[in-house]
Amino acid sequence: WRSAKLTDQELVVTLEASVAANKTDWIPKQLLALVHLERGERDAAAEIIQAAPANEQESLQPLIEEANLVRVAGLSVLPARAGSIITPNGQWLVDSSGVWDVQSGEQIGLLEKEGSTSPKTMACLPDAQQLLGHVSQGAVANRVCELCLWDLPSGKCVQSFEGARIGLSSLAVSDDGRYALGGFLRGEHYLWDLQAGSFCGVIGERQPSQYEAALQVAVNLFAESSNVEVMVTVPHTSQIVSGDTKGVLRLFRLPEGMLRMWKAHPGGISALTATADGRHLISGGTDGSIHAWLLDARKPGPVRSFTGHPDAVRALGMSKDGRYLISGGDEKTVRLWEFATGRCLHTLKVRGKPNSVVVTTSHKALIAAESVQDCQALELAWDWAVEPGSDFRSDWHVSVPRSASRELQEAAEV
């Protein structure tokens, strides 16, 4: 369970079978009660505790009042199309057909651009009040592409930018909202100055280091198959990171150019996020691996790995306090991780494939999970997070059978 190989429900079923097979043994019952408490199932835990030996009941009873809660709730079901994203403020979900209210599921805006196709590649500006997207006009042979800037949630196009072309596969906007960086299917990166309304061209790449030169040769970075898949803005910096189908990460400082590149995953990179302080980058791969990187490190190398997803990781998000990582995979699970240790705290099954995560507070996240029929907006909440100004409360994460009295003693010492 802690290594993300079992979902919450699978663990409960396994423990219930152990309880049934060992009716006189208290340890399986104790573990099941503690798992129920972490999942927020207080009634189920109380039923077990009430049947516990007298010497255990007294020590376990306080845990009910101090129980950690993790819950996932469906907010709305939207007839959204593939590629939907949740805006940074958590209010709207945007796809190629328009703007949707996350809470009500109602469409509240259309992305209008007369004579143009619907946008397939999009990125929100940091203030969540505008959206940048890639559109095109005309037949394939004479297609004209451009970037459009829409106001949210109305969907009114307020500005257009030249310089785009077919094959724009990812977009990101700098933290100050001034620059946009676009990644293409052949590995190029184009830069736009949004404030000046101008296209700056292909972003400059400095002379590669020995490691980078060898990496270019080893993975054939500039081959046609090396496509830029995902991008993320690094908070409180002028930096953006891109990831491609060769498993290579590139760190850019805008508007200057690329700072460095490194091999991050054996396969492609399918999701990126960064911590709120801008120090760590987290990357997810098509092989299910997740790695955390220190962005100011001199030598490339993951500082932490998160293992458990059997399929591609499509969505990543960090809590505002930097304590928790949320991931979503193609196997239709959402996982909550303890960032400092890399330990999986919960694995929750959802009905669609999570493709967008936005963390709105230190203990709440919104997730878009797409299926063939629709897109479901979910809210994941965990109640043990410590908000600024609140009293510290120690976390209960029991992984192996231990005496309840010992757990209480250690918590008191903390």
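1. In strand S11, Gly182 is the bridge partner of Leu171. The model under discussion is a predicted one, and this pair serves as the entry point to the sheet that contains S11. Strands S10 and S11 pair in the antiparallel sense, over five bridges. The sheet is open and has four strands in the order S10-S11-S12-S13, with antiparallel pairing. At its edges stand S10 and S13 (198-202), each with a single partner strand, so one side of each is left without a neighbour in the sheet. Neighbouring strands in this sheet are turned against each other by 20° on average, with direction ignored.

2. A second open sheet of four strands has the order S6-S7-S8-S9, again with antiparallel pairing. Here the edge positions belong to S6 (122-124) and S9; each has a single partner strand, so one side of each lacks a neighbour in the sheet. The twist from one strand to the next averages 25°. Strand S6 pairs with S7 (residues 130-137) in the antiparallel sense over three bridges. Within this part of the sheet, Ala123 stands opposite Leu132 in S7. As a general remark, the strands of a sheet pair through backbone hydrogen bonds, in either a parallel or an antiparallel arrangement.

3. The structure holds eight salt bridges, of which selected cases are treated here. One of them joins the side chains of Glu188 and Arg165, at 3.0 Å from N to O. This pair links distant parts of the chain: Glu188 lies in the loop between S11 (179-184) and S12 (189-193), while Arg165 lies in the loop between S9 (157-161) and S10 (168-173), 23 residues apart. Glu188 is partly exposed, with a relative accessible area of 27%. For Arg165 the relative accessible area is 27%, and this residue too is partly exposed.

4. A further salt bridge is formed by the side chains of Asp193 and Arg178, at 3.2 Å from N to O. It likewise links distant parts of the chain, with Asp193 in strand S12 and Arg178 in the loop between S10 and S11, 15 residues apart. Are the two partners buried or partly exposed? Asp193 counts as buried because its relative accessibility is 7%, under the 20% limit. Arg178, at 31% relative accessibility, counts as partly exposed.

5. The side chains of Arg343 and Glu338 also meet in a salt bridge, with an N to O distance of 3.2 Å. Glu338 is buried, at a relative accessible area of 14%, whereas Arg343 counts as partly exposed at 23% relative accessibility. Glu338 belongs to the residues of S24 that are buried, and Arg343 falls in S25 (residues 343-349).

6. Strand S24 (residues 333-338) deserves separate attention. Six of its six residues are buried, so this strand is largely enclosed by the rest of the structure. Both of its faces are covered: Thr333, Arg335 and Trp337 are buried on one side, and Val334, Leu336 and Glu338 are buried on the other.

7. The strand partners of S24 include S23 and S25. Strands S23 and S24 run antiparallel and are joined by six bridges, with Leu325 opposite Trp337 in S24. These two strands form a hairpin with three residues between them, and Lys332 in the turn has a positive phi of about 65°. Strands S24 and S25 also run antiparallel and are joined by six bridges, with Leu336 opposite His346 in S25. They form a hairpin with four residues between them, where Gly342 in the turn has a positive phi of about 80°.

8. Ser327 is located in strand S23 (residues 324-329). Its relative accessible area is 0%, so Ser327 is buried. Which residue makes a polar contact with the side chain of Ser327? The partner is His309, whose side chain is joined to that of Ser327 by a polar contact of 2.6 Å. Leaving aside residues up to four places away in sequence, Ser327 touches several residues of S24, including Thr333, Val334, Arg335 and Trp337. Other residues in contact with Ser327 are Ile290, His309, Val313, Ala315 and Leu316.

Key. Residues are numbered from 1 along each chain as its sequence is written. This is a predicted model: local features need pLDDT of at least 70, side-chain atom pairs count only at pLDDT 80 or more; totals for chains, interfaces and linings use all residues. Side-chain values use heavy atoms; hydrogens and water are left out. A salt bridge is a side-chain nitrogen of Lys or Arg within 4 Å of a carboxyl oxygen of Asp or Glu. Buried means under 20% relative accessible area, exposed over 50%, partly exposed in between (1.4 Å probe, protein chains only). A polar contact is a pair of N or O atoms within 3.5 Å; within protein, one must be able to donate a hydrogen and the other to accept it, and residues adjacent in sequence count only if both atoms are side-chain atoms. Contact means heavy atoms within 4.5 Å. Two strands pair if DSSP finds at least two bridges between them. Axes are lines fitted to C-alpha atoms, for helices over the stretch in contact, and angles run from 0 to 180 degrees between N-to-C directions.
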